[in-house]
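I opened this model to look up a few things before using it at the bench. The entries below follow the order in which I looked.

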Amino acid sequence: MRGIAQRVGFCALALALACGDDDGTGATDAGTDAEVDAGVSIAAPAPPNPPVLTNEGECVGGWTRVDEGDVPPFCDPYVEGVEECLDHEAHVPGEEGCHAVGRACGTLEAPADAARVFYVREGGDGDGSEAAPFGTIGAALEIAGAGDAILIEEGTYAEENLQLRVAVTIRGACAERVRIVAPTFNERGGIFSVLTDGVVIEDLQLRGPRNGIVVEGGSADVRGVAFVDVAGASLASFGGTLRAEDIVSRMINDRVASEFNAGVAVYDSANLEVRRAVFRGHLDLEAQINSGSAALFEDVVFGARFRGFIPFGGRGIDASGGAQVTGRRVVFEGNDGIGALSIEEGTHIDFEDVFMFDVLGEIGASFAITQQATATLRRATLFASIPSGISVFGGGSLVAEDVLILFAGGDGDGTDGYGIQVGEDGSDAQVSRAVVIEAATGGIAAIDQSSIRLTDVAIEATGISDYEDDDSATGIVILGGASASATRVALMNNDIFSLAVEDGTLSGSDLSITGTLTHPTTGGGGALWATENATVELDRVLIDTNQSSGLTVFGETTRVILQNLEILNTIPAGCLDRGCTSFLGGIGVGVYEGAQVRLSDFRIADNELLGAQVAFGADENMMPFTVGGELDLERGVISGHPIGVNVQVADYDFDRLTADVVFAGNQRNFDASLMQVPQPPDLDPAE
């Protein structure tokens, strides 16, 4: 998104304006000074409630509580950092360092309830007894029946297309020392293919250019298995039930023969449960859940970094085709473009206790919802996403509660970055108890007929340190027919525009805007802007200590109604404290180009230049608009300004500005001099 609001100076030709240094208002200025209080009662906005990112003050699953300054306390799964593990090891969220998956190497014991036990040893050629083991797993499967167990001793085995047609248990000595390596490529087939219910596979390592374990209509329990450089998917299910626990799946080399590579892929109404697992470095997806399948992930990492030639792998989770995905204590690290994606009508992702960091790409987001898909997100920390933390578009819908988004986008290379984006085709988001800090371009953006409901939201320090003349940033921007409601929302120390509404609607209560920093070279921007067919209705609003302008309104079809309003201490653009003259500005309220603004129960005080300004304004070519702004004031105070109200519209009805309004401590209460006015911003929709 680009935007600029550059201050320009002009004398607006004749245009029936009362040019000059005198008031131009006759006796209107007389008799308006009074005590500031004058019985005006203004309800202050309630501050937002902070996100609750812990469980009653504690972190679950071994995660560590982090308290850092003004950031709400959050839970970090890797407070000491992620360790680089060996192939058979995993660093599970909440645990200290790497652990070997499955049983420790040592005595190989059969399940207590095994009907019969067969043994496999590298180089063996016996009958499958402990004294004379088989040499291959395939040989054991030829005679194994339901309830039998196959025990695999330490060694490396060239095996593939092992079809499990009866309920057997296949147990290795340990994942470190039992390696089953498929010698030939097959995109559909697996090293193990499960064709019945009740299969158990545990304590071994799978490698090779084909899928690892494929469940086709049956069910399998997989425990203590390491998948290394498995082509296709490590775990795949076509309509079956697959339960996996204490596993690791990683790619450590460049792309192998397969055209598709994933940690998990389930289709055809399959059921999947994965606990205590690490998926890392898969080139397309860490997990694909499709076509009506259901998946549960608990204490799982979807991480794309790996030791190899490509620095990042693919997406974390891709849910589509009506899939239902539940995540509890899940981590996304270094994914390419998208951490988790919910796509297509009927698809739903439900996440709780989520940590996403370094999800990077030119397009995408840590969490994305599109094409009428839905999602819920609770207790989530999103750290260093590029370009965006959360994107909802294409008719998607999101409910998010207790969310912290830090450092979205930018990366110093001009990349746009948003904390939350909502746009296109009726997309909808409901965000409660959220904090967005240091997004590069926008804290929250709603565009293109979308809607967003914000409750208890704080947005701080949006923007970057280095701007071109046409660059911009916005705390909240509402564009292109989008609608927003805001309750208990605070915008603090954001760059250029703290809140901008263009051809959109905003309603709500309890809004505060403080510390807006305008463009460092053009001086453009301000606290609250409404332009081009915007409608804004707010109750209990505080606009305090912002650069350039407090409330600025443009457009014949723009309507702004604010009550219980304070606009205080607006200073010139580019200034860090009062008294700076690097740019003009310091306007409390500016109303231009036929815009209609009504303020009631208000206090406009101690702004550097003007309390309020009513004028025509000018377009980007500095040509005056043909209609002036319209401002109505009821029950308020305007105090402590060089000029209380500057009116540059001829024959303006000053009764509209004095209904139960007290003027106090202004050097002039009214003035009609031609003065510099803002230029309306060019707010392009976020891409």
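**Confidence.** I began with the weak stretches of this predicted model. Residues 306–312 stay under 50 in pLDDT, and the model gives them 22 contacts beyond four places in sequence. Over the whole chain the mean pLDDT is 88, with 89% of residues at 70 or more. Residues 1–36 also fall below 50, although this stretch has 106 contacts in the model beyond near neighbours in sequence. I will leave the contacts of both stretches alone, because coordinates should not be read in detail where pLDDT is low.

**Overall make-up.** I looked up the secondary structure next and found one helix and 47 strands. The chain has 687 residues, and 60% of them are buried. I also checked how far contacts reach along the sequence: of those between residues at least 6 apart, 64% join residues at least 24 apart.

**Nonpolar cores.** Which residues touch the most other members of the largest nonpolar core? I noted Phe 192, Phe 297, Phe 351, Phe 367 and Leu 599, in a core of 135 residues. Strand β14 (residues 219–230) gives the most to this core, with five residues. A second, separate core has 23 residues, including Val 66, Val 101, Val 301 and Leu 406.

I then followed Phe 351 outward. Beyond its neighbours within four places in sequence, Phe 351 contacts residues including Ile 317, Val 325, Phe 332, Met 356 and Phe 367. Arg 328 and Arg 378 are also among the contacts of Phe 351, and I met both again in the salt bridges.

**Salt bridges.** I counted 37 salt bridges. One of them joins the side chains of Glu 95 and Arg 276, at 2.6 Å from N to O. This pair links distant parts of the chain, 181 residues apart: Glu 95 is in the loop between β3 (89–90) and β4 (99–100), and Arg 276 is in strand β18 (residues 271–280). Is Glu 95 buried, partly exposed or exposed? I read a relative accessible area of 26%, so Glu 95 is partly exposed. Arg 276, at 24%, is partly exposed too.

Next I took Asp 350 and Arg 378, whose closest N and O atoms are 2.8 Å apart in a salt bridge. Asp 350 lies in strand β24 (residues 348–357) and Arg 378 in strand β26 (residues 374–383), 28 residues apart. Asp 350 has a relative accessible area of 17% and counts as buried, because the limit for buried is under 20%. Arg 378, at 22%, is partly exposed. Both belong to a network of salt bridges that also takes in Arg 328, Glu 352, Asp 353 and Arg 379.

For a pair of sequence neighbours I noted Arg 635 and Glu 634, whose side chains meet at 3.8 Å, N to O. Arg 635 is partly exposed at 36%, and Glu 634 is partly exposed at 25%.

**Cavities.** How many cavities of 30 Å³ or more does the structure hold? I found three. The largest cavity has about 50 Å³ of space. Its lining consists of Leu 53, Trp 63, Cys 75, Asp 353, Val 354, Arg 379, Ala 380 and Thr 381. Strands β24 and β26 each supply at least two of these residues, and β26 gives the most, with three. Two lining residues, Asp 353 and Arg 379, are also in the salt-bridge network.

**Backbone oddities.** I looked for unusual backbone angles. The peptide bond from Ile 386 to Pro 387 is cis, with omega near 5°, and Pro 387 sits in the loop between β26 and β27 (388–393). Asp 246 is not a glycine, yet its phi is positive, near 55°. Asp 246 is in strand β16 (residues 241–250) and is buried, at 12% relative accessible area. Glu 424 also has a positive phi, about 75°. Glu 424 is in the loop between β29 (418–423) and β30 (428–437) and is partly exposed, at 37%.

**C-terminal segment.** Last, I looked up Pro 681, in the segment after β47 (668–671). Pro 681 is buried, with a relative accessible area of 4%. Its C-alpha is 9.2 Å from that of Glu 502, which is 179 residues away in sequence.

Definitions and conventions:
Residues are numbered from 1 along each chain as its sequence is written. This is a predicted model: local features need pLDDT of at least 70, side-chain atom pairs count only at pLDDT 80 or more; totals for chains, interfaces and linings use all residues. Side-chain values use heavy atoms; hydrogens and water are left out. A salt bridge is a side-chain nitrogen of Lys or Arg within 4 Å of a carboxyl oxygen of Asp or Glu. Helices (H or I, at least four residues) and strands (E, at least two) are DSSP runs, numbered from the N terminus. Buried means under 20% relative accessible area, exposed over 50%, partly exposed in between (1.4 Å probe, protein chains only). pLDDT is the predictor's confidence in each residue, from 0 to 100. Contact means heavy atoms within 4.5 Å. A nonpolar core is a set of buried Ala, Val, Leu, Ile, Met, Phe, Trp, Tyr and Cys residues joined through side-chain atoms within 4.5 Å. On a 1 Å grid over the protein atoms alone, a cavity is a set of points where a 1.4 Å probe fits but cannot get out, and a pocket is an open set with protein on both sides within 12 Å along at least five of seven lines; lining residues have an atom within 4 Å of a point. Grid points are joined across faces, edges and corners, and a volume is the space filled by probe spheres set on the points.
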